[in-house]
Each structure stands twice: as structure tokens, then as C-alpha cells.
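Visitor: Please take one helix of this model and go through it closely. I would like to know what surrounds it and how it fits into the rest of the chain.

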Amino acid sequence: MALTLYVDTARWRAHHKHVQEQFPGLVPVCKGNGYGFGHERLAEEATRLGTDVLAVGTTYEAARLKDWFGGDLLVLTPYRRGEEPVPLPDRVIRSVSSVDGVYGLVGARVVIEVMSSMKRHGISEQDLPQLHAAIENVRLEGFAIHLPLDRTDGSDAVEEVIGWMDRLRAARLPLHTMFVSHLKADELARLQQQFPQTRFRARIGTRLWLGDHEATEYRGAVLDVTRVAKGDRFGYRQQKAASDGYLVVVAGGTSHGVGLESPKALHGVMPRAKGVARAGLATVNRNLSPFVWAGKQRWFAEPPHMQVSILFVPSDAPEPQVGEELVAHLRHTTTQFDRLVDR
């Protein structure tokens, strides 16, 4: 009995090909928990796509993936002096976001990140004059810019990239390759048309692996069902059942990421109001679970356990049976499945 990720493999891979066609020179991203699929599986899918570069989050991920992917590995976390050394092959490319970082990677293959409106990390315009000397002792693979997802000020992502292209060109720095993130296909095409001598390479993770929501589905198996009457005590904390119904034990607990989902950005009055309402219910130990039964998302009977969750299903709903599976609306990037089934 398991928490299972079901994948409509043909549909999933068709989506990959569609994204690759939209973004020539695509660099797939495999970081964190492998977007819910695992590093090894995404390395296999990247190889199937024929890509020559796979982006990873950290040097530790690069060390694990070097035996699963035969092309270049681009580490997205910027290099910092004093970081723990991790043995890596020459086909690993390091990101750098400071002049000092470039000087610290003599002989290495590097991509230099510039500071975008994200304001997370990157070389500033004031740093550019110092780069000429710094890049003489590294193998420069290109520059990179990581853009925000939302542009609430109405600014144009393409114009932001153009601004940096102009600054780099004015500083007489090489512009053979620019790695970009969070651009639309038509925006990438506009840039490529304006700068035909530069190769723009889109680093894409979420849109590539998770862009077709209908291609994947989590399901948790029902392990036990116990009928309870109003007032019956149950669980670790011996709470009382609020009404007649069923305690349903389903595969999927905190070790899988159930109940630990990262917060979502809420846009608009209604989603914010619902968020406040859910927070209020949580203070009295009422939390909506990700599991669905009989067309409704069901409440946790108590906080999820390590490997299972206990749900409360009221008596007016059909009784779940042991062995049945409940659809679970889980966030891929925070979920660890027991098994993956291609179908």
C-alpha cells in the first residue's frame, strides 16, 4: 500500500517535445527533489530529449547526477569562496555572481549571472569593468539572467534582457551565449531576432516537467477504515469525533511531504479570504487534507503521521474500502512518492 505517482508517459513526453520545439537550445532544469519525479528519472528524460546541458541546483546534485547524465551539468547556485569542495568532472559548469567568484575559479568553465530585477544575486553594472581581467583565467560559457515570474509594475522582460545585453556589449564583453529564465517563447524569439549573433538558451524546469497537469496524478491507498460515532475518542491526542462517520487511514504522511506543502502566492480578494479562513480553522486543529473522496477534498482527522494520514469521512458519504486509492492534490516539488507507475 503506497502513495503512488501515476504518469501518463506518452502525454508527458509529448509535452516535453512541445516545450523543446518552442524553446530551441532548451536547458532542462533538474533540482530539489527532481520536481517530484527524482533526479535519475529526469536525467533519463533529458537524455531522451537529446539536450547537451542539464541544469542542477547544487554541486551535491551535480555529483549525484554525473553518473546519470552524460552531457554538461550547469550548477545554478553561485560559487562562493570557502564552500565545501565537491569532486566534479570537467563537464560541470559553475555559475558565478561576483567578480571575486570568477577569480576563485581559475581554469573552470563558468557562466556569469547578472543582477536582474529579482535582486537575488548577480554581477552589477558597476562590476563590469573588472570582468575583463577576471575572465582571462576562466573558460567563459556565457552570461545568464534569472527573471521574476510576475511583473506587477508592467515592465517588459525582453526590455530588461536587452538592457543587460547593451551593458555587456558596451563593456566589450563576449556575448556568444546568454542563458535566460522565465521568458515566454515569443519573448525568446524577439531576443534572438534582435541579437542574431548571440545564442539564447532558456533554462526551464516547472514548465517542462509540470506544465501538463493532466499527465500526472498522485493517489494514496486506503489502509484501514474504522467506523466512529459522535463523541468517540481517537488518535494520538484522543480527540472526540464531531459526528458519525469513518476514520480513513491512507498512505501518505509527513515523510512524503503531506501536510508540509510550501505556501502559495495568493492573488485577489477571494483567494486571500479563503487563505485567512483556512488559517483560522487550523488554530482549532481543522485542516483540509489533499485527499479527495466521493468528489470532495476531505478533512484531516488529526495532523498527518509520518507515513500515513487519518481522514474523517462523514457518514453521509460512501464508505471507502481498503485497497481503494484516493486522489491527492499534492505539490510535486514538496512530495516524495513511494512508487512511480508509468501508464
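Guide: What follows looks at helix α6, then at its surroundings, and then at a few other sites in the chain. The model is a predicted one.

Some context comes before the helix. The protein chain has 343 residues, of which 47% count as buried. Its secondary structure comes to nine helices and 18 strands, and the C-alpha trace spans about 75 × 45 × 40 Å along its principal axes. Among contacts in the chain with a separation of 6 or more, 67% are between residues 24 or more positions apart.

Helix α6 runs over residues 157–170, which is 14 residues. From its first C-alpha to its last it reaches 20 Å, close to the 20 Å expected at 1.5 Å a residue. At the start of the helix, a side-chain oxygen of aspartate 156 comes to within 2.8 Å of the backbone nitrogen of valine 158. After the helix comes arginine 172, with a positive phi near 55°.

The buried residues of α6 are Ala157, Val158, Glu160, Val161, Ile162, Gly163, Trp164, Met165 and Leu168. The elements that cover them include the strands β6 (109–114), β7 (139–146), β8 (177–181) and β9 (199–204), together with the helices α5 (128–134) and α7 (185–194).

Helix α7 can be described from its own side as well. Its buried residues are Glu187, Leu188 and Leu191. Seen down the axis of α7, these buried residues fall within an arc of 100°, so they line one face of the helix. Their cover includes α6, β8 and β9.

The next level up is the nonpolar core. In soluble globular proteins, nonpolar side chains tend to be buried together. Here the largest nonpolar core has 90 residues, and Phe37, Ile112, Leu131, Phe143 and Phe200 have the most contacts inside it. The largest share of this core, seven residues, comes from α6. A second, separate core has seven residues, including Val228, Ala241, Leu247 and Phe312.

Phenylalanine 143 links this core back to the helix: leaving aside neighbours within four places in sequence, Leu168 is one of its contacts. The others are Val111, Ile112, Val114, Leu131, Leu173, Pro174, Thr177, Met178 and Phe179.

Phe37, named above for its contacts in the core, also touches threonine 216. Threonine 216 lies in strand β10 (residues 216–228) and counts as buried because its relative accessibility is 14%, where the cut-off is under 20%. Beyond its neighbours within four places in sequence, threonine 216 is also in contact with Leu5, Tyr6, Val7 and His332. The side chains of threonine 216 and histidine 332 are joined by a polar contact of 3.3 Å.

A last site is cysteine 30, in strand β2 (residues 27–30). Cysteine 30 is buried, with a relative accessible area of 0%. Not counting residues up to four places away in sequence, it touches Tyr35, His39, Leu42, Leu54, Ala55, Val56, Gly57, Glu61 and Leu65. Leucine 42 is 12 residues from cysteine 30 along the chain, and their C-alpha atoms are separated by 6.6 Å.

As for records, an unreviewed UniProt entry annotates residues 8–153 as "domain: Alanine racemase N-terminal". In the model, the end C-alpha atoms of that span lie 39 Å apart, and the span is 30% helix and 21% strand.

How values were computed. Residues are numbered from 1 along each chain as its sequence is written. This is a predicted model: local features need pLDDT of at least 70, side-chain atom pairs count only at pLDDT 80 or more; totals for chains, interfaces and linings use all residues. Side-chain values use heavy atoms; hydrogens and water are left out. Helices (H or I, at least four residues) and strands (E, at least two) are DSSP runs, numbered from the N terminus. The expected span of a helix is 1.5 Å times one less than its number of residues. Buried means under 20% relative accessible area, exposed over 50%, partly exposed in between (1.4 Å probe, protein chains only). Contact means heavy atoms within 4.5 Å. A polar contact is a pair of N or O atoms within 3.5 Å; within protein, one must be able to donate a hydrogen and the other to accept it, and residues adjacent in sequence count only if both atoms are side-chain atoms. A nonpolar core is a set of buried Ala, Val, Leu, Ile, Met, Phe, Trp, Tyr and Cys residues joined through side-chain atoms within 4.5 Å. The arc is that of the directions from the helix axis to the C-beta atoms. UniProt positions are given in the numbering used here, feature names are shortened, and annotations may be inferred rather than shown by experiment.
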